[in-house]
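Visitor: Could you walk me through this structure and show me how to read its features as we go? I would like to start with a single residue and work outwards.

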Amino acid sequence: MKLVAASFSWPFQGAWLPRFAIGTLVVLFLPITFIPLLGYSIAATRRAQDDPAQPPPPWTLSASLISDGFWTAVVLLLLSTPFAVALNPLADAIGGAHPWPVSYAQSQVIPHVEAALLLALPWGLLLLILMPHGTSRLAATRRPGDLFDFRTTLREVKRDFPAWNLVAAAIVTAWVIAVACVGLLCVGLFPGIFYAILVSAYASATLHPPGPSGTNPPAG
């Protein structure tokens with residue numbers, strides 16, 4: 001519980017201003033920088049596993065960062081594709097069921113917004129169930145296959161349900177804070193997203209501590 005609670009202050013340890021400046025720029029240029037951002041989130045998880053007392057890692061472009069980011073992007077795409085495919089059919093069904101007259105523009109936009117909101121809950125729940133343990137294992141083992149081992153992830157969630165529940169609560173809270181930052185100087189959303197990523201990384205790290213030596217295996 002204490003380790004998960006510490007995730008909210010961890011992003012501000014060390015020289016946090018330069019880290020947030022770079023992180024905000026990276027978030028600003030999404031989706032171009034999607035893979036490096038995801039790779040950095042794995043590096044942050046690995047740093048928290050190695051030594052929770054250390055601040056998040058500095059921004060360093062490396063083959064490991066790009067590889068981790070690429071495989072994390074692939075698994076996110078895999079998990080998100082069914083919901084993307086379901087969006088238009090669900091929107092069409094919602095649009096056909098509207099009992100009140102709407103303009104053509106509204107008939108195109110409103111059903112898609114409602115469909116997206118309906119799909120957001122199961123999509124978010126699926127990511128909460130599968131991603132924290134998977135990314136934590138990837139950070140610890142450096143094996144991309146651990147991201148796709150959903151059977152092991154489900155077993156770990158069942159085994160560590162109280163710990164997973166705390167981690168999920170921390171992640172959700174961090175992303176709520178990120179959305180709440182929209183109104184801060186009109187740019188608060190971008191550092192808010194980076195903050196949520198760091199909180200999520202630290203919280204996920206508590207699910208899979210490093211090996212007996214106290215450190216993760218070196219990069220291959």
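Guide: Gladly, and please keep in mind that this is a predicted model. Let's begin with T152, which sits in helix α7, spanning residues 150-159.

Visitor: Is T152 buried or exposed?

Guide: The idea is to compare its relative accessibility with a cut-off: under 20% is buried and over 50% is exposed. T152 has 16% relative accessibility, so it counts as buried.

Visitor: And which side chain does the side chain of T152 make a polar contact with?

Guide: Its partner is D149: the two side chains make a polar contact at 2.6 Å.

Visitor: How does K158 read by the accessibility test?

Guide: K158 also lies in helix α7. Its relative accessible area is 73%, so K158 is exposed. You can place it against another part of the chain too: I129 is 29 residues away along the chain, and the C-alpha atoms of the two are 10.0 Å apart.

Visitor: Let's move on to helix pairs. How are two packed helices described?

Guide: By two quantities, the angle between their axes and the distance between those axes. Take helix α3 (residues 34-50) and helix α9 (residues 189-205): their axes come within 8 Å and cross at roughly 40 degrees. That angle makes α3 oblique to α9. Residues making this contact include L37, Y40 and A44 of α3, with F194, L198 and Y202 among those of α9. The crossing of α3 past α9 is right-handed.

Visitor: What about α8 and α9, at what angle do their axes cross?

Guide: Roughly 170 degrees, with the axes of helix α8 (residues 161-180) and α9 coming within 8 Å. Angles over 145 degrees count as roughly antiparallel, and α8 and α9 are therefore roughly antiparallel to each other. Among the α8 residues that meet α9 are V167, I171, W175 and A178, while the α9 side includes L189, I193, A196 and S200.

Visitor: Now the whole protein: how many helices and strands does it have?

Guide: Nine helices and zero strands, so to read it from the N terminus, you simply follow α-α-α-α-α-α-α-α-α.

Visitor: What share of the residues is buried, and what supplies the exposed area?

Guide: Of the 220 residues, 39% are buried. The protein exposes about 11,800 Å², with carbon and sulfur atoms supplying 75% of that area.

Visitor: And what share of the contacts joins residues 24 or more positions apart?

Guide: Counting contacts with a separation of 6 or more, residues 24 or more positions apart account for 74%.

Conventions:
Residues numbered from 1 in each chain as written. Predicted model: local features only at pLDDT ≥ 70, side-chain atom pairs only at ≥ 80, totals over all residues. Heavy atoms only, no water. Helix = DSSP H or I, 4+ residues; strand = E, 2+ residues; numbered from the N terminus. Buried < 20%, exposed > 50% of the residue type's maximum accessible area, 1.4 Å probe, protein only. Contact = heavy atoms within 4.5 Å. Areas by Shrake-Rupley, 256 points an atom, 1.4 Å probe, with all protein chains shown as cover. Polar contact = N/O pair within 3.5 Å; in protein donor to acceptor, adjacent residues only side chain to side chain. Axes fitted to C-alpha atoms, helices over the stretch in contact; angles between N-to-C directions. Parallel < 35°, antiparallel > 145°, perpendicular 65-115°, else oblique. Left-handed = near helix turned anticlockwise from the far one by under 90°.
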